[in-house]
Amino acid sequence: NPGQSDKDKDKRGNKCDNCPDDSNPNQSDIDGDGKGDKCDNDIDNDGLLNGADNCPKVANGNQADSDGDGIGDACDNCPQHANQGQSDKDEDLLGNACDDDVDTDSDGVEDSVDNCPNVANSDQQDVDGDGKGDACDTDNDNDGVLDKNDNCELIPNKQQKDTDGDGFGDACSDDKDGDKVLDPDDNCIYNPNVHSTDFRHLQMVALDPQTASTPPVWVVYDNGAEIHQTVNSDPAIAVGDHVLGDVDFEGTFFIEDTSDDDFVGFIFGYQSNAKFYVVSWKKAPQNWFNKAERGVTLKLVNSNTGPGTKLRDALWFTGSTPNQAQLLWHDGSLGWKPKVAYRWLLHHRPDIGTIRFYLYQGNNQVMDSGNIYDSTLKGGRLGLFCFSQEEIIWSNMEYKCGEGVPQAMFNDLPANLQNQVLSS
C-alpha cells in the first residue's frame, strides 16, 4: 500500500484493515471470517444477526437461556441465576450472583460449580460428561475399564485392543484425547479442549481502573500467537481463554519504543483480577510511588482489594506488599533493551508448587530463576502484562500442557517432592 491510505484513521491501512470504514485498532475478529467484529453483523457466525442474538460473541444457534434473563447460557456468567447485568466484580468469569468465593482446592473454580471440589483441576476436564471431572473420576471415558488399567483413558475402548503392543490402545495410539489432532501436532495431548496456542479471544482487565488515563490497545496477529500493545497505558493484563494446570509457556519479547523504560511481562495462573502470578521486566530503576528496580520479578498477586491504586503501587514496587503482592524472585542483572528479541520459557507445576523461569538472548541463556516454590494458585489462565510501556510485541508464543517435570527442575527438587513426582 504505497499510498498508506487509512480511511478510518485507526493506524491500520485500508489494504490490511478488516474494517476499513470503521475504526478498530485491535482488529478483533472472533469468528475468523476476515471481517472485523466492528463491522460484522454476525460476529460469532451462528446465523443470527447480532441484534437478535442472546450471545452475539459466542456461537449458540439454539439460543438456550435457562434462567430467562435474556443472556444465553453459552455466554451467561451465572446460567442458573438471573443476572441480566452480568456483574463480575473479580473478573473471574463467574457472576456475582453465583460467586460465593469458596474454593477449597485453590484451583480458581468455585466449589459451587467445581466438578472436583476437593482435587485441583482448573481445566474442569470431563470427557465423559458425567459431571465428575477427570481428576477425580476413576473411569474417565466411562467404558467400564478403570483408568489405572485402561490403555485409552479418554476414549472408550472396552475391548482394550492394542495391535502393536505399545501400551496404548488402537483407539488412541495417535490421538490420546480424541480431538482429531494427532499427538505430534497437539499442544495438549490429554486435553481435548486445547490443541493450539490461541490468544484471539482476550479478556481485558484494568488493574487501576479508578485512574482516568489511557487504556492499552491490544492488537492480535498470527491466529492469536502474536500480540502488540501500542500505547503508554495504566497497568493492565490481557487474558486468554484456555485454562491450564501444569503448563510450559514461552514466547518472545520485543520492544520497539526507544524512549521509555517501564514494564513488560506476562501472567499465568490467572484466577481473578486479584489472584494471579505475574512476571514483569523493568528496563531501568525508577522512583515513582516507590522504588522499582531494574530486572525481572516474579510475584504472586493475592490482593485483598483487587484492582486500584494499592495494587498498582504493589506492582510497581520491586519488593513484597502486605495483602497485595508477594515477591517470589527477582534478578536485577539485566534490563531489557529496545529493538532486541528476548525469548522466555516458563514451567509451572502447581501439583508440586514449583515454578521455573528462563530468559534467552539469541542462543545465550541470560537468566535462570532456579526452582521457585509456591502452592497458592493451582492453575488458571495465561495472559500478558504491561505497565506504562508502549510499542511492545509478544510473538511466537506457545503454551503446552506440561507432561512430566523437566529434568533440571526435578534435579533441584527436595527429596519429598522428587518422591511425589516419581510416585504419581
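**Note on the predicted model: salt bridges, sheet and aromatic cluster**

1. Asp208, Arg312 and Asp313 are linked in a network of salt bridges. The model is predicted, and the distances below come from its atoms. Asp208 bridges to Arg312, with the closest N and O atoms 3.4 Å apart. This pair links distant parts of the chain. Asp208 sits in the loop between β1 and β2, Arg312 in helix α1 (residues 309-316), and 104 residues separate them. The side chains of Asp313 and Arg312 also meet, at 3.0 Å from N to O.

2. How exposed are the members of this network? Asp208 is buried, and so is Arg312. Arg312 has 13% relative accessibility, so it falls under the 20% limit for buried. Asp313 is partly exposed, because its relative accessible area is 23%. Arg312 has a further contact: it lies over the face of Trp288, 5.9 Å from the ring centre.

3. The whole structure holds 13 salt bridges. Another one of them joins Asp261 to Lys282, with the closest N and O atoms 3.7 Å apart. Here too distant parts of the chain are linked. Asp261 is in the loop between β5 and β6, Lys282 is in strand β7, and they are 21 residues apart. Lys282 is buried, at 0% relative accessible area.

4. Now the main sheet to check. It is open, has 7 strands and pairs antiparallel. The order is β1-β4-β16-β6-β7-β10-β11. Which strands stand at the edges? They are β1 (203-206) and β11 (325-331). Each has a single partner strand, so one side of each lacks a neighbour in the sheet. From one strand to the next, the twist averages 20 degrees.

5. Inside that order, β6 and β7 (residues 275-282) run antiparallel and are joined by 7 bridges. Phe266 stands opposite Val279 in β7.

6. Phe266 also takes part in ring pairing. The structure holds 22 aromatic pairs. In one of them, Phe249 and Phe266 have ring centres 5.4 Å apart and planes at 85 degrees, so the pair is edge-to-face. Phe249 belongs to strand β5 (residues 247-255) and Phe266 to strand β6 (residues 263-272), so the contact ties together parts 17 residues apart in sequence. Phe249 counts as buried, at 0% relative accessibility. Phe266 is buried as well, with a relative accessible area of 0%.

7. Phe266 has another aromatic partner, Phe268. This pair is tilted, with 6.5 Å centre to centre and 40 degrees between the planes. Phe268 is buried, at 0% relative accessible area. These rings belong to a wider cluster, whose members include Phe249, Phe266, Phe268, Tyr277, Trp281, Trp329 and Tyr399.

8. A hairpin deserves a look. Strands β2 (residues 218-221) and β3 (residues 226-229) run antiparallel and are joined by 4 bridges. Tyr221 has Glu226 in β3 as its bridge partner. Between the strands are 4 residues, and Asp222 takes a positive phi near 50 degrees in this hairpin.

9. Finally, the repeats. An unreviewed UniProt entry places the feature "repeat: TSP type-" at residues 28-63, 125-160 and 161-196. In the model, residues 28-63 are 0% helix and 0% strand, with end C-alpha atoms 23 Å apart. Residues 125-160 likewise show 0% helix and 0% strand, and their end C-alpha atoms lie 23 Å apart. Elsewhere, Lys176 lies over the face of Phe168, 4.3 Å from the ring centre.

Definitions and conventions. Residues are numbered from 1 along each chain as its sequence is written. This is a predicted model: local features need pLDDT of at least 70, side-chain atom pairs count only at pLDDT 80 or more; totals for chains, interfaces and linings use all residues. Side-chain values use heavy atoms; hydrogens and water are left out. Two strands pair if DSSP finds at least two bridges between them. Helices (H or I, at least four residues) and strands (E, at least two) are DSSP runs, numbered from the N terminus. UniProt positions are given in the numbering used here, feature names are shortened, and annotations may be inferred rather than shown by experiment. Rings of Phe, Tyr and Trp (its six-membered ring) pair if their centres lie within 6.5 Å; planes under 30 degrees apart count as stacked, over 60 as edge-to-face and the rest as tilted. Buried means under 20% relative accessible area, exposed over 50%, partly exposed in between (1.4 Å probe, protein chains only). A charge sits over a ring if NZ of Lys or CZ of Arg is within 6 Å of the ring centre and within 35 degrees of the ring normal. Axes are lines fitted to C-alpha atoms, for helices over the stretch in contact, and angles run from 0 to 180 degrees between N-to-C directions. A salt bridge is a side-chain nitrogen of Lys or Arg within 4 Å of a carboxyl oxygen of Asp or Glu.
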